[in-house]
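Subject: Structure handover

Hello,

Here is the structure for you to look over. My notes on what turned up follow below it.

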Amino acid sequence: MEHVDVLIAGAGLSGVGTACRLREQCPDKSLAILEARDATGGTWDLFRYPGIRSDSDMFTLGYPFRPWEEAEAIADGPAIRRYIRDTAREYGVERHIRLNRRIVAARWSSADARWSVDVERTDTGEREQLTCGFLVGCTGYYRYDEGYTPELPGIEDFHGPVIHPQHWPEDLDYDGKRVIVVGSGATAVTLVPAMAPRAAHVTMLQRSPSYVVSLPGRDPLATALNKVLPPRVAFPIVRWKNILLALLFFQLSRRAPRLAMAMIRKGVEHRVPPGFAIDTHFSPRYQPWDQRVCLVPDGDLFAAIRSGRASIATGRIDRFTARGIRLESGEELRADVIITATGLNLLMLGGIELEVDGEPVDPADHFLYKGAMLTGVPNLAVALGYTNASWTLKADLTARYVCRLLNHMTAHGYVECRARPPAPGASSDPAIDLQAGYVLRSIDRLPKQGPSWPWRLHQNYPLDLRLLAHGRVDDGVLALSRPVEAEAPAAPLAA
């Protein structure tokens, strides 16, 4: 049976980044990356709906070791996919990627100090097995095979197509047609301005509003610095500027939510037509960063509204009709095409079934240690990004921590690492601290965070950089073990 030192699940942004860090910092470790789909890129290859783009700037969503050199700070899906694949090729990671391989189960043996991994070939249905010394889950936290669609009464009565953005058909024709986009999150605010130029009209139908903030599509500081500095010098300056500004806004939202709300509202007022019903359509019932704030580059959503080619309707759905959607208010919205941008289904570790010494592991029963490992589960790391900042910031810190951990274990002859949980009875919260529907629907399936570090997530990149990239590995919470030595032979009986 084939054995590798480190096995990575997923060849998206996190998986490729983790592999690059391993090649750089642990060159003696053998490596394999298993990707369930037939292409690399993860999220940025899966989603193909119009306008698909990042909701974070590429100076922080990109890898810190490979500068983002394109002009657009808020990049579209194809550009991000190209960036991931170019990075994999440039850093020698591409040859370690095996496509069409889904990890079905992984079983840890303390006696052997290794994982036995069952793999399904998604193209042929065949099964394979291999073993590894360390397993890294870079699968994100949502299901790739299905999105979330709530119960929509009368949906079968509608005469046109109903599309979920996660499964966008290449041949969908919406030219000159009336489109309703159901939802108010990042996907909806992306779809509306992207579809408006070709559609007859696009209506964003939301049950309740989200916070929407406009940012320049091109970073002014990056544009200025790139004229006088090489990319490897300009990139970290712009990156740290964006990290600190995002952290400042998050802290402001937590400590002075009314001020943050007023600032967001002022930005909306400058961009919507006179007399627009801001209180109805852009004033959420929650505070900023209780859910993710939606970013729109160059105010494109507001521009589509001002042009008259897009509009917003706020209200609850009564039922679908043959001609569109009727609201509880009695108003009927006409449509030829309906897009259900209604969210995601969460799935930890890509649905891998875990066992430790014959005992099944449910991630929801475990705490996160340093935001990177499940307590009590040996030699396993999970790449989970920030909720208040770019995903890659935290995923890259996790990769760097894994490299430091592996090198520490090798240097001291350890073969197993296992994080201890907090004291019995310790308070806990869900690992993902958001009030978004996709989190609340799956809260009983998420790992927990504890009352204090290292079981508490900070959502603070500068602090995590110090703790994960430079803090002690052997911190007294992480139990490290050497190989189990064979028992000494029994002494012979006296004559």
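A salt bridge here is a side-chain nitrogen of Lys or Arg within 4 Å of a carboxyl oxygen of Asp or Glu. By that cut-off Asp-123 and Arg-121 are paired, with 2.8 Å from N to O. Please keep in mind that this is a predicted model.

Salt bridges

The structure holds 33 salt bridges. As background, side chains of opposite charge can pair when their charged atoms come close.

In the pair already mentioned, Arg-121 is buried because its relative accessible area is 17%, under the 20% cut-off. Its partner Asp-123 has 41% relative accessibility and therefore counts as partly exposed.

Arg-102 and Glu-120 form another of the bridges, the closest N and O atoms being 3.5 Å apart. Arg-102 belongs to strand β4 (residues 101–109) and Glu-120 to strand β5 (residues 114–121), so this bridge ties together parts that are 18 residues apart in sequence. Arg-102 is partly exposed at 36% relative accessibility, and Glu-120 is partly exposed at 24%.

A further bridge joins the side chains of Asp-318 and Arg-326, at 3.1 Å from N to O. Asp-318 is partly exposed, with a relative accessible area of 33%, and Arg-326 is partly exposed too, at 29%.

There is also a network of salt bridges that links Arg-37, Asp-45, Arg-48, Arg-81 and Arg-85.

Cavities

Searching the whole structure gives four cavities of 30 Å³ or more. The largest cavity encloses about 120 Å³. It is lined by 14 residues, and those closest to its centre are Leu-384, Gly-385, Ala-431, Leu-457 and Gln-459. Sorted by class, this lining has seven nonpolar, five polar and two charged residues.

The second largest cavity has a volume of about 50 Å³. Its lining includes Ile-243, Ala-246, Leu-247, Tyr-386, Gln-459 and Pro-462. Two or more lining residues come from each of α7 and α13 (461–470), and α7 gives the most, with three. The lining of this second cavity divides into eight nonpolar and three polar residues, with no charged ones. Gln-459 is among the residues closest to the centre of the largest cavity and also lines the second largest.

Second largest pocket

The second largest pocket holds about 850 Å³ of space. Of its 35 lining residues, Val-213, Leu-215, Ala-246, Phe-249 and Leu-295 are the closest to the centre. β11, α7 and α8 (257–269) each supply at least two residues of this lining, with α7 giving the most, at eight. By class the pocket lining has 22 nonpolar, seven polar and six charged residues. Ala-246 lines this pocket and the second largest cavity as well.

Surface

Leu-221, Val-233 and Ile-237 make up a nonpolar patch on the surface, with about 210 Å² of accessible area together. Ile-237 sits in helix α7 (residues 231–255), and its 40% relative accessibility means that Ile-237 counts as partly exposed.

Arg-218 is located in the loop between β11 (212–215) and α6 (220–225). At 48% relative accessibility, Arg-218 counts as partly exposed. From Arg-218 to Pro-27 the separation is 191 residues in sequence and 37 Å in space, C-alpha to C-alpha.

Regards

Definitions and conventions: Residues are numbered from 1 along each chain as its sequence is written. This is a predicted model: local features need pLDDT of at least 70, side-chain atom pairs count only at pLDDT 80 or more; totals for chains, interfaces and linings use all residues. Side-chain values use heavy atoms; hydrogens and water are left out. Patches are made of residues with over 30% relative accessible area and no salt bridge: like charges are joined within 9 Å, nonpolar side chains (Val, Leu, Ile, Met, Phe, Trp, Tyr) within 5 Å. Accessible areas come from the Shrake-Rupley method with a 1.4 Å probe; for residues, only the protein chains shown count as cover. Helices (H or I, at least four residues) and strands (E, at least two) are DSSP runs, numbered from the N terminus. Buried means under 20% relative accessible area, exposed over 50%, partly exposed in between (1.4 Å probe, protein chains only). On a 1 Å grid over the protein atoms alone, a cavity is a set of points where a 1.4 Å probe fits but cannot get out, and a pocket is an open set with protein on both sides within 12 Å along at least five of seven lines; lining residues have an atom within 4 Å of a point. Grid points are joined across faces, edges and corners, and a volume is the space filled by probe spheres set on the points. Ala, Val, Leu, Ile, Met, Phe, Trp, Tyr, Cys and Pro count as nonpolar, Asp, Glu, Lys and Arg as charged, and the others, Gly among them, as polar.
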